[in-house]
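Visitor: Please take me for a close look at one part of this structure, the largest pocket. What lines the largest pocket, and what lies around it?

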Amino acid sequence: MAQRVRPRISTRKEPKQSRSNELVSAILTAAVQVLVEEGAQRFTTARVAEKAGVSIGSLYQYFPNKASILFRLQSDEWRGSTEMLREILTGIAPPKDRLRRLVRAFVRFECDEAPVRQALADAAPLYRDAPEAREMRAEGDRIFDSFIRDLLPGLPDGPRDIAGDLIVTTLTAVGKEFSETPRTDEEIDAYASAMADMLCAYVETLVKV
């Protein structure tokens, strides 16, 4: 059976001049608007070019297809979350304090990015298995795995891996559900504090084992 050819998701070239940067910025801004307004199923390069007020030829100078635009939006989000992980989890504060900061920042990030994140989730099959996507996700995994070793240094590898999986699953699943409804700052703070208390209590039970 012939091997399936994956669409190219990397950009054709990186903008080097201010005018080119402005063009790419306009395309990405328009892409977010089209994605949120139209959804992943109706997302096309033609709609993005029209929304951005540029020719389709200008768009194709930087993005070979719609998958490359969507991956750029997703990679920007991943890059932001990875930098958040690095800043919080590699600090010098006690591990449980870092866990609390992570929960608060994560819940806030999920709520702020909810409309785009939900739309990108529908478009994920276009790029999620590409090598570029796997590489970006792996960096965040490495940062978190290193933090879990700081958080639970006396735990054997197996139980520590389970604990890490449970913390990640709780954060992503609960954060996703919570962020699907618009929330006030007070609701976000209260919910994040409650989740942080729950996860820290769970960690305490493991430390006492």
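Guide: Contact means heavy atoms within 4.5 Å. This is a predicted model, in which local features need pLDDT of at least 70, side-chain atom pairs count only at pLDDT 80 or more, and totals for chains, interfaces and linings use all residues. Residues are numbered from 1 along each chain as its sequence is written, and side-chain values use heavy atoms, with hydrogens and water left out.

Now the pocket. A pocket is an open set of points on a 1 Å grid over the protein atoms alone, with protein on both sides within 12 Å along at least five of seven lines; lining residues have an atom within 4 Å of a point. The largest one has a volume of about 1,100 Å³ (the space filled by probe spheres set on the points). Its lining holds 34 residues, and Trp78, Phe106, Asp141, Val168 and Thr172 are the closest to its centre. Two or more lining residues come from each of helix 4 (66–89), helix 5 (95–112), helix 6 (114–123), helix 7 (131–151) and helix 8 (157–179). Helices are DSSP runs (H or I, at least four residues), numbered from the N terminus. Helix 8 gives the most to this lining, nine residues. By type, the lining has 15 nonpolar, seven polar and 12 charged residues. Asp, Glu, Lys and Arg count as charged; Ala, Val, Leu, Ile, Met, Phe, Trp, Tyr, Cys and Pro as nonpolar; the others, Gly among them, as polar.

Look next at helix 5, where Glu110 is found. Glu110 has a relative accessible area of 8%, so it counts as buried (under 20%, with a 1.4 Å probe and protein chains only). Beyond four places in sequence, Glu110 touches Arg117, Gly175, Lys176 and Ser179.

Helix 5 also supplies at least two residues of the largest nonpolar core, as do helix 4, helix 7, helix 8 and helix 9 (185–207). Such a core is a set of buried Ala, Val, Leu, Ile, Met, Phe, Trp, Tyr and Cys residues joined through side-chain atoms within 4.5 Å. Helix 9 brings the largest share, eight residues. Of the 30 members, Leu99 and Ile167 touch the most others. Ile167 is in contact with Leu99, Phe144, Ile148, Leu151, Leu199, Tyr202 and Val203, leaving aside neighbours within four places in sequence.

A word on confidence. pLDDT is the predictor's confidence in each residue, from 0 to 100. Helix 6 has the lowest mean pLDDT among the elements, 77. The chain's mean is 85, and 90% of its residues reach 70 or more.

Note on methods. 1 Å grid on protein atoms, 1.4 Å probe; cavity = no way out; pocket = protein on both sides within 12 Å on 5 of 7 lines; lining within 4 Å. Buried < 20%, exposed > 50% of the residue type's maximum accessible area, 1.4 Å probe, protein only.
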